[in-house]
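Here's a walk through this fold, written for someone who would rather look at residues than at statistics. Have the structure open while you read.

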Amino acid sequence: MLNAKALSELLSKNSDERLCKRWYLMTPNGTLLAHTQPTSARELRQQVAMVALSWQEQQQPSSTELDEASRKRDLYTLLIESDVHNILVRKIQPQLLLVLEGGVPPRKRSFEPRVVAEGPDGEPLHEAESSMSTTTAGVIGLHKKKLAAMAAAMIAEFERTGFKMPEEGSNHLF
C-alpha cells in the first residue's frame, strides 16, 4: 500500500525554495500521488500534465527508429529545461515517477527550452545540443544528485516493503 501522506511529508522535508522548489510523485499518465506542501493546485495540475505528456512523448520511438532495439529504449530520466525552472523526472518503477522541480540560474537571451531523455546509464537517448552554461550544468548536476538520493531512498523502502505500483486504473493505490 502506498502511504501518500507519509510520502508527501518526506518530499516536503526535502524541499528547498532555492534548489528544490517542489517534489511530486506521479504515474506516467499524470495521476498525482504525493507532493510537497503547500502548493497551488492549479499550477501543480498543469505541471503534472506537462510532465506526463513530455514523458509519454519521449517514450514513443520516432518514425525513423525502425530496429527493435530502438523501439525498446528504456526512458529512465527526463530533463525539461525552461527559462522558469528545471524539471527532472526519474522512473522509480514502471508506473511510478519521481519529479523534482528546481530553480534555475538567469538565462541568456538566446536560451531555447529543451528536453533531454536519458537511459539508465545516464546517456542521452537522442542527440541533444549542449548549449548549457557551466552554472546551469552545475545546478542541474545538483538536481540530479538530489533526485538520485531521493529515488534511491524510495526504491529501497519499496523493496523492503514489497510495494509495486499497480497498473493504471487499479483501485489498490491507497
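Let's start with how the chain comes together: among contacts (heavy atoms within 4.5 Å) between residues at least 6 apart in sequence, 62% join residues at least 24 apart. A word on the source: this is a predicted model, in which local features need pLDDT of at least 70 and side-chain atom pairs count only at pLDDT 80 or more, while totals for chains, interfaces and linings use all residues. Residues are numbered from 1 along each chain as its sequence is written, and side-chain values use heavy atoms, with hydrogens and water left out.

**The layout**

The protein has four helices and six strands, in the order α-β-β-α-α-β-β-β-β-α from the N terminus. Helices (H or I, at least four residues) and strands (E, at least two) are DSSP runs, numbered from the N terminus. Of the 174 residues, 41% count as buried; that label means under 20% relative accessible area, with exposed over 50% and partly exposed in between (1.4 Å probe, protein chains only).

**The strands**

Strands count as paired if DSSP finds at least two bridges between them. Here are four of the pairings:

| Strands | Sense | Bridges | Example of opposite residues |
|---|---|---|---|
| Strand 1 and strand 5 | antiparallel | six | Met-26 and Leu-97 |
| Strand 1 and strand 2 | antiparallel | three | Tyr-24 and His-35 |
| Strand 3 and strand 4 | antiparallel | five | Ile-80 and Ile-87 |
| Strand 3 and strand 6 | antiparallel | five | Thr-77 and Glu-118 |

Strand 1 is largely enclosed by the rest of the structure, because six of its seven residues are buried. The hairpin that takes strand 1 into strand 2 has five residues between the strands, and Gly-30 there has a positive phi near 105 degrees.

Strand 3 is mostly covered too, with five of its five residues buried. Thr-77, Leu-79 and Glu-81 point one way from this strand, and Leu-78 and Ile-80 point the other way. A hairpin of four residues then leads from strand 3 to strand 4.

**Helix 1**

Which residues of helix 1 are buried? They are Ala-4, Leu-7, Ser-8 and Leu-11. Looking down the helix axis, these buried residues fall within an arc of 100 degrees (taken from the directions from the helix axis to the C-beta atoms), so they line one face of the helix. The general rule is that an α-helix has 3.6 residues a turn, so residues three or four places apart point the same way. The buried residues of helix 1 pack against strand 1, strand 2, strand 5 and helix 4. Over on the other side of helix 1, Lys-5 and Lys-13 are exposed.

**Helix 4 and the cores**

Helix 4 covers residues 134-161, which makes 28 residues, and it reaches 40 Å from its first C-alpha to its last. That is close to the 40 Å expected at 1.5 Å a residue, where the expected span is 1.5 Å times one less than the number of residues. Its buried residues include His-143, Leu-147, Met-150, Met-154 and Phe-158. Among the elements covering the buried residues of helix 4 are helix 1, strand 1, strand 3, strand 4 and strand 5. Right after the helix comes Gly-162, with a positive phi near 80 degrees.

A nonpolar core here is a set of buried Ala, Val, Leu, Ile, Met, Phe, Trp, Tyr and Cys residues joined through side-chain atoms within 4.5 Å. The largest one has 24 residues, and Trp-23, Leu-96, Leu-98, Met-154 and Phe-158 have the most contacts inside it. Helix 1, strand 1, strand 2, strand 4, strand 5 and helix 4 each give two or more residues to this core, and helix 4 gives the most, with six. Leu-98 touches residues that include Leu-11, Trp-23, Leu-88, Leu-147 and Met-154, not counting those up to four places away in sequence. There is also a second, separate core of 15 residues, which includes Val-51, Ile-80, Val-89 and Leu-97.

**A buried glutamine**

Gln-93 is found in strand 4, and it counts as buried because its relative accessibility is 13%. What does its side chain meet? A polar atom of the Gln-93 side chain lies 3.0 Å from the backbone oxygen of Phe-163. Leaving out residues up to four places away in sequence, Gln-93 touches Phe-158, Phe-163, Lys-164 and Met-165.

Key. Polar contact = N/O pair within 3.5 Å; in protein donor to acceptor, adjacent residues only side chain to side chain.
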